Amino acid sequence: MKKKLATVWLDGCSGCHMSFLDIDERLLEVLQFFDIVYSPLVDFKEFPESVDVTFVEGAVSTTEDIKKIKEIRKKSSIIVAMGDCAITGNVPSMRNSFKLNSVIDRGYAENSDKHNKVEFFDVPPLLTNVLPVNAIIHVNYYLPGCPPPADAFYNLIKSILNQEKFDVFQHTRFGK
Amino acid sequence: MKKITIDPVTRIEGHAKISIYLDDSGEVSDARFHVTQYRGFEKLCEGRPFTEMPRLMARTCGICPVSHLIAASKACDEIMGVKVPIAGVNIRKIINYAQILQSHALSFFYLSSPDLLLGMDAPIEERNIVGVLNRKKDFIENGIFLRKFGQMLIEKLGRKRIHPDYIVPGGVESPVEESIKDEINENARLCIDKALYTIDTFRSVLPAFEEEIRYFSHIPTYHMALSKDGKIEYYDGDIYIIDPEGRIELKFKPEEYNNYISERVEGFSYLKSPYLKIKGYPDGIYRVGPLSRLNIAESCGAEVADRELSIYREVAGRISNAAFLNHYARLVEIIFCAEKIIELLNDDATFVTHTKANAGVNFEEGVGVSEAPRGTLIHHYKVDRNGIVQWANLIIATGHNNLAMNKGILQAAKRFVKGDDIKEGFLNRIEAVIRCYDPCLSCSTHAVGKMPMMVEIVNNKGERLKEVRR
Ligand code: SF4
């Protein structure tokens, strides 16, 4: 039986997902052991009931992110926080040092044609403070880096598969 | 009134959902593309030294960080008032070609080839890269090769594949060793072969997509791109805007963008809608990206790519407004990038050891423009005398296409969605319209929606009467 792999994308730049793809042809090897059951790469719209390993990119920055990450925790055996955004908040959390309104106003009032406040609807409201993933849920593995290098992904996946110990700092570090 | 929601839109680079509104008789009356992420880079850079901008702003996007590094560095070059040494310019160009090549490979092979090779109606379990792999292994292997070539070249020069800190204000950090030449030349030639083979495959399936060509965001719009001497240009040159028939409407210097482009905010999306000031909103709808670049340039300016361009034009005509043909245009551009990489590697100026100009703050404002894989990218900063950033404005490639994406999904929805007969494959077609633009949404909102695919039936007062999940 193949194991089930999911990848999720919260508030990040997709660089961590790209670094994952940077394992290049080793992707074919990974696909021999894992089915991708939820990811921006496949078309399933619902997170499956039980997933073996879920990689999470990005920080938590909207009310929907909170809902989503809690649901994912319930349904995943192992959660890997991939990249500095998921682990510390990194770049997205730089907005925490400003008032949320002033962040929204810069983008949507100052830098637009009407220069007035906009009421958003049908899009998830932004949180006042961007949070790292482990502020909301328990995380099993941390893979730091911005993004973590492809080899780190590959080796972590292998360790999980072979139930071996994974020494993260052999492969990556914060800000790498 | 009925509302269909596709959420999340998959096989695109970012967070989005789509709403389709049906009137009482079941006809599509409106469609909206919602981008659900906002990070506020234009604010969070405030108070940081301008020299940090390239590596900070690169974090807008992990797929095209190099284009951000270049646009940001060019804006900083302006603030310093320096001329970048020729080796620095050449190396920046090579890295950008490498990135456009890898990003196009990602879009074509990893994200869109399932629709193209397996069909829009293929079962959802198979309609992904693994499904294509099972059917046509060599095809996907070529895709992996192309993407890897681009990423490795970025790493060779910039020491890191994603977010290399190597492109900096004034140029690039260090010279490039001539010893890398042979290996890269050889692999770039392989890229050309593989892309040619892919074009053959693509052309063999193209007749099956007549409807998609006609109804996937096939709308008359203006087009915008950098261009120089009638050729494709990603780094220098002027910004050209042509009308839907191909006549030049505007031509201006990148730093004048503000005189010609304005941005509107719609409350249903965190992605703004830029438009041409002289035409107003929303008539000033325009597009950017591979299709627009091939519309604007007379020729590519590289041998094999030009040969392929003329074959492409047998299908597309001299000017095309069919968003679907972006897929084809990407393949032509992959060849163009590989040829340009070879050309620059054979230019001795590339290996000169002086790669960076140094200066402090000499001007309080700078605009930097670069073509990114998805189109024209604009960074604009204002700093104080100490070089501390006070304000920033970014207009990102995907943003320029926002109006066209909205209009495009409405066109496709009207064609493919009728009443209660909502087949999964039809909804996939609506998403596929978006995929033609290869939108990079993390990028464009500098700024997860996760709800299952859901059909809501809402009455005229907006009360929900029924909900169907799939
Ligand atoms: S950690 Fe870095 S690469 Fe990963 S999502 Fe955040 S900014 Fe992007």
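The UniProt annotation "binding site", which comes from an unreviewed entry, covers B:Cys61, B:Cys64 and B:Cys440, and a further annotation under that name, again from an unreviewed entry, covers B:Cys64 and B:Cys443. I should say at once that what we have in front of us is a predicted model, and that these annotations may be inferred rather than shown by experiment. As for where the cysteines sit, B:Cys61 is in the loop between helix 2 (53-57) and helix 3 (65-80) of chain B, and B:Cys64 is also placed in the loop between helix 2 and helix 3 of that chain. With a relative accessible area of 0%, B:Cys61 counts as buried, and B:Cys64, at 2%, is buried as well.

Let me turn to the ligand. Which residues are the closest to it? The shell around the ligand holds 14 residues, and the closest are A:Cys13, A:Cys16, A:Asp84, A:Cys85 and A:Cys146. The site is shared between chains, because residues from both A and B surround the ligand. In terms of secondary structure, helix 1 (15-21) and helix 4 (84-88) of chain A each contribute at least two residues to this shell. If we sort the shell by class, we find five nonpolar, six polar and three charged residues.

One of those closest residues, A:Cys146, brings me to the backbone, since a cis peptide bond joins A:Cys146 to A:Pro147, with omega at about -5°. A:Pro147 is placed in the loop between strand 7 (141-143) and helix 6 (150-162) of chain A. Chain B has a cis peptide bond between B:Tyr281 and B:Pro282, where omega is about 0°, and B:Pro282 is found in the loop between strand 11 (273-276) and strand 12 (286-287).

Staying with the backbone, there are positive phi values to mention. B:Arg159, a residue other than glycine, has phi near 70°, and this arginine lies in the loop between helix 6 (137-158) and strand 4 (167-168) of chain B. B:Asp229, not a glycine either, has a positive phi of about 50°, and its place is in the loop between strand 6 (222-228) and strand 7 (231-232) of chain B. Are these side chains buried or exposed? B:Arg159 counts as exposed at 55% relative accessibility, and B:Asp229 counts as exposed at 64%.

Now to the salt bridges, of which the count over all chains comes to 38. I will go through some examples in chain B, beginning with B:Asp238 and B:Lys253, whose closest N and O atoms are 2.8 Å apart. What does this pair tie together? B:Asp238 lies in strand 8 (residues 238-242) and B:Lys253 in the loop between strand 9 (248-252) and helix 9 (257-260), so the pair links parts of chain B that are 15 residues apart in sequence. Within this pair, B:Asp238 counts as buried at 14% relative accessibility, whereas B:Lys253, at 39%, is partly exposed.

Another salt bridge connects B:Glu178 with B:Lys181, with the closest N and O atoms at 3.6 Å. Here B:Glu178 is partly exposed at 44% relative accessibility, while B:Lys181 is buried at 17%, which is under the 20% cut-off. The side chains of B:Asp243 and B:Arg247 also meet in a salt bridge, at 3.0 Å from N to O. At 7% relative accessibility B:Asp243 counts as buried, but B:Arg247, at 51%, counts as exposed, because the cut-off for that class is over 50%. Beyond single pairs, salt bridges that share partners join A:Asp22, A:Asp24, B:Arg147, B:Glu155 and B:Arg161 into one network.

Finally, I would like to look at a lysine in chain A, namely A:Lys75, which lies in helix 3 (residues 63-75). What does its side chain reach? The side chain of A:Lys75 comes to 3.4 Å from the backbone oxygen of A:Phe47, and A:Lys75 also makes a polar contact, side chain to side chain, with A:Glu71 at 2.9 Å. Setting aside neighbours within four places in sequence, A:Lys75 is in contact with A:Phe47, A:Pro48, A:Glu49, A:Ser50 and A:Val51. With a relative accessibility of 15%, A:Lys75 counts as buried.

Notes. Residues are numbered from 1 along each chain as its sequence is written. Chains are lettered from A and ligands numbered from 1 in the order in which they are written. This is a predicted model: local features need pLDDT of at least 70, side-chain atom pairs count only at pLDDT 80 or more; totals for chains, interfaces and linings use all residues. Side-chain values use heavy atoms; hydrogens and water are left out. A salt bridge is a side-chain nitrogen of Lys or Arg within 4 Å of a carboxyl oxygen of Asp or Glu. Buried means under 20% relative accessible area, exposed over 50%, partly exposed in between (1.4 Å probe, protein chains only). Helices (H or I, at least four residues) and strands (E, at least two) are DSSP runs, numbered from the N terminus. A residue is near a molecule or strand if one of its heavy atoms lies within 4 Å of it. Ala, Val, Leu, Ile, Met, Phe, Trp, Tyr, Cys and Pro count as nonpolar, Asp, Glu, Lys and Arg as charged, and the others, Gly among them, as polar. A polar contact is a pair of N or O atoms within 3.5 Å; within protein, one must be able to donate a hydrogen and the other to accept it, and residues adjacent in sequence count only if both atoms are side-chain atoms. Contact means heavy atoms within 4.5 Å.
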